[in-house]
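Below is a colleague's note on the model, set out as numbered points. Please read it alongside the sequence and the coordinates.

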Amino acid sequence: MKLIENTEARRVQALSVLDPRTQAALGQFFTPAPAADLIASMSRLDALSNTVRVLDPGAGVGSLTAALVTRVHEEHPELDVHVVAVETDPQVMPYLRATLEECRATYGTTFDLVQGDYLTDDDALIDGPFDLVVANPPYGKLAAGSLHRTRIARHLVDASNIYTAFWARATAALAPGGQISIIVPRSWANGTYHRAFRQWMLDRTSLDLLHVFESRNSVFADTGVLQENVIVVGTRSDQQPQVVLSASIAHNDAPLRRTVPFDAVVLPEDRDRFVRFDDSAVVPPAVSYTLADLGLGVSTGKVVDFRNREHLTQDLSADGVVPMIYQANVRGGEIEWPLRPAKKPQGFSPSTEAARKLLLPEGHYVVIKRFSAKEEKRRVVAGVWKDDGPVALDNKTNYLHEKKGPLDPQLAHGLMLWLNSSTLDAIFRTFSGHTQVNAGDVKTLPFPSRDDLVRLAQNAPEWLPEQAKLDALVADLFPTVVGSAE
């Protein structure tokens with residue numbers, strides 16, 4: 001274990017001397033030893049033989065390599081290991097080289113050390129085939145016309161984030177039956193932003209294990225990262241019928257695991273192929289409709305405030321000014337307008353034809369926050385706009401509509417109640433681990449029928465009952481097992 005201890009010391013030392021601005025630009029979040037041990041522990045070693053070829057792209061100081069090499073030696077000392085480690089930062093290279101040299105001195109590991117850009121370099125060393133990949137890739141958005149994105153899209157798949165681009169190239173480098181164990185943000189698993197990558201990856205690998213951390217900030221605590229990270233283990237093969245779902249509070253806790261059918265993780269009828277990390281939420285039998293089935297749609301608010309500053313105003317009495325609605329206005333199942341005090345202008349002056357096209361016509365709409373605060377109990381927070389006159393909605397909201405127009409008032413009330421229920425929240429959390437609620441996510445959510453939604457509104461004792469009362473009402477109307485309600 002001296003190798004792991006020494007590598008951890010190198011990690012801490014590297015973090016102390018690197019410029020934080022460079023770290024942020026390169027997405028350098030080096031893997032702590034306990035997390036590296038956990039990731040390395042999830043690779044399956046039973047099918048390996050002879051010389052095991054390992055890839056560590058974006059290797060940092062080599063924490064993942066050290067953990068995996070140690071495990072292979074302890075469990076299968078008869079195997080030889082050859083590591084290809086790739087790192088782009090010349091300041092980090094001495095630390096990585098020291099780790100690889102210690103792997104060789106301790107276990108006889110051979111290695112190739114590649115300094116370069118993993119996403120664009122043509123070095124044949126990094127294209128495999130590899131038996132094992134361990135990776136903690138950097139992450140950050142890739143602009144549509146960037147060299148990294150166009151290069152990966154040309155050869156593999158359109159990847160809109162650095163981490164999915166790393167993941168795609170590493171997957172392509174696997175030998176048949178080779179495995180990848182990778183720690184990444186959870187955002188790839190749902191929504192339209194990563195749809196192309198998700199479908200590409202699922203067509204090429206078998207999802208073997210999905211691991212979540214219950215604590216958002218535990219994995220990279222000393223780097224200030226609050227991103228919700230997950231570990232994914234996949235094999236270059238056809239999809240196996242079962243997947244292991246794994247969870248721990250933090251990286252140093254023993255995981256709790258259970259095996260579930262793959263069809264519970266990626267629903268057979270789901271064309272977007274959302275990946276669910278939890279199958280515990282039970283969808284009531286009567287809740288089997290999508291918005292499209294109901295003849296409804298969801299759109300993102302039309303006003304981008306920084307592009308429409310000249311139309312924003314606090315003078316609500318001026319001619320032609322209409323309400324301007326932000327996330328903060330969504331409160332208690334309704335839209336509180338105007339907010340007093342308000343951080344943002346509460347009025348919108350549609351003084352041009354282009355501005356007038358941003359307005360919604362008079363009527364009822366269900367407005368959903370696109371970003372929920374971490375401290376909120378529910379991820380989906382919805383309210384009904386029901387005041388007279390046209391309205392402007394900020395683009396950090398989504399809204400439900402019928403054929404681009406307003407909703408029936410009772411239907412809007414029922415939709416709001418369903419969206420604010422704990423049942424819906426539990427369903428949403430099975431596939432979304434972050435605080436953003438995208439229009440694409442809402443399109444996939446299950447809803448009761450239109451008649452049942454109206455019934456829900458009619459049975460509600462108040463506009464938005466307290467949570468326990470609302471959940472009891474939902475449970476009574478939509479029992480999870482037919483005939484189970486008393």
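The points below take up the sheets, the helix packing, the nonpolar cores and the salt bridges of this predicted model.

1. The nine-strand sheet. Nine strands form an open sheet with mixed pairing, and their order is β3-β2-β1-β4-β5-β7-β6-β8-β9. The edges are β3 (110-115) and β9, each of which pairs on one side only. Averaged over the sheet and with direction ignored, neighbouring strands are turned by 15 degrees against each other.

2. Pairing of β1. Strand β1 (residues 51-57) pairs in the parallel sense with strand β4 (residues 130-135) over two bridges. In that pairing V54 stands opposite L132 of β4. β1 also pairs with β2, again in the parallel sense, and seven bridges are found there. P57 has V86 of β2 as its bridge partner. Between these two strands the chain passes through α4, and the β-α-β crossover from β1 to β2 is right-handed.

3. Strand β2 and its other neighbour. Is β2 enclosed or open to the outside? Strand β2 (residues 80-87) is largely enclosed by the rest of the structure, because seven of its eight residues are buried. β2 runs parallel to β3, and six bridges join them. A85 stands opposite L113 in β3. The connection through helix α5 (residues 93-107) gives a right-handed β-α-β unit made of β2, α5 and β3.

4. The four-strand sheet. Another open sheet has four strands in the order β11-β15-β12-β18, with mixed pairing. β11 (312-313) and β18 (392-393) are its edge strands, each pairing on one side only. Inside the order, strand β12 (residues 322-325) and strand β15 (residues 347-348) run antiparallel and are joined by two bridges. P323 stands opposite G347 of β15.

5. Helix α3. Which residues of helix α3 (residues 33-41) are buried? They are A33, A35, A36, L38, I39 and A40. What covers these buried residues includes two helices, α1 (2-17) and α4 (63-75). The cover also includes the strands β5 (174-185), β6 (206-213) and β7 (229-235). Thus α4, the helix in the β1 to β2 crossover, is also part of the cover of α3.

6. The nonpolar cores. In soluble globular proteins, nonpolar side chains tend to be buried together. Here the largest nonpolar core has 46 residues, and W167, W188, L207, L210, V232, V265 and V275 have the most contacts inside it. Helix α7 (residues 162-172) gives the most to this core, contributing seven residues. A second core, separate from the largest, has 37 residues and includes L291, V298, L445 and L453.

7. The surroundings of V275. With neighbours within four places in sequence left aside, V275 is in contact with W188, L207, L210 and V265, among others. These four are also listed with V275 among the residues with the most contacts inside the largest core. Further contacts of V275 include A189, R198, L202 and V266, as well as T430 and F431.

8. Salt bridges. How many salt bridges does a search of the whole structure find? The search finds 19. Three of them are described here, with their accessibilities.

9. R44 and D46. The side chains of R44 and D46 meet in a salt bridge with an N to O distance of 3.1 Å. D46 counts as exposed because its relative accessibility is 59%, over the 50% limit. R44 counts as partly exposed, at 36% relative accessibility.

10. R258 and D278. The side chains of D278 and R258 meet in a salt bridge at 3.4 Å, N to O. This pair links distant parts of the chain, 20 residues apart: R258 lies in strand β9 (residues 256-261), and D278 lies in the loop between α9 (262-265) and β10 (297-300). D278 is partly exposed, with a relative accessible area of 27%. R258 is also partly exposed, with 38%.

11. D270 and R276. R276 forms a salt bridge with D270, and their closest N and O atoms are 3.7 Å apart. Why do R276 and D270 both count as buried? R276 has a relative accessibility of 10% and D270 has a relative accessible area of 14%, so each is under the 20% limit for buried residues.

Note on methods:
Residues numbered from 1 in each chain as written. Predicted model: local features only at pLDDT ≥ 70, side-chain atom pairs only at ≥ 80, totals over all residues. Heavy atoms only, no water. Salt bridge = Lys/Arg side-chain N within 4 Å of Asp/Glu carboxyl O. Buried < 20%, exposed > 50% of the residue type's maximum accessible area, 1.4 Å probe, protein only. Pairing = 2+ DSSP bridges. Core = buried A, V, L, I, M, F, W, Y, C linked by side-chain atoms within 4.5 Å. Contact = heavy atoms within 4.5 Å. Axes fitted to C-alpha atoms, helices over the stretch in contact; angles between N-to-C directions. Right-handed = clockwise from strand over helix to strand, strands pointing away.
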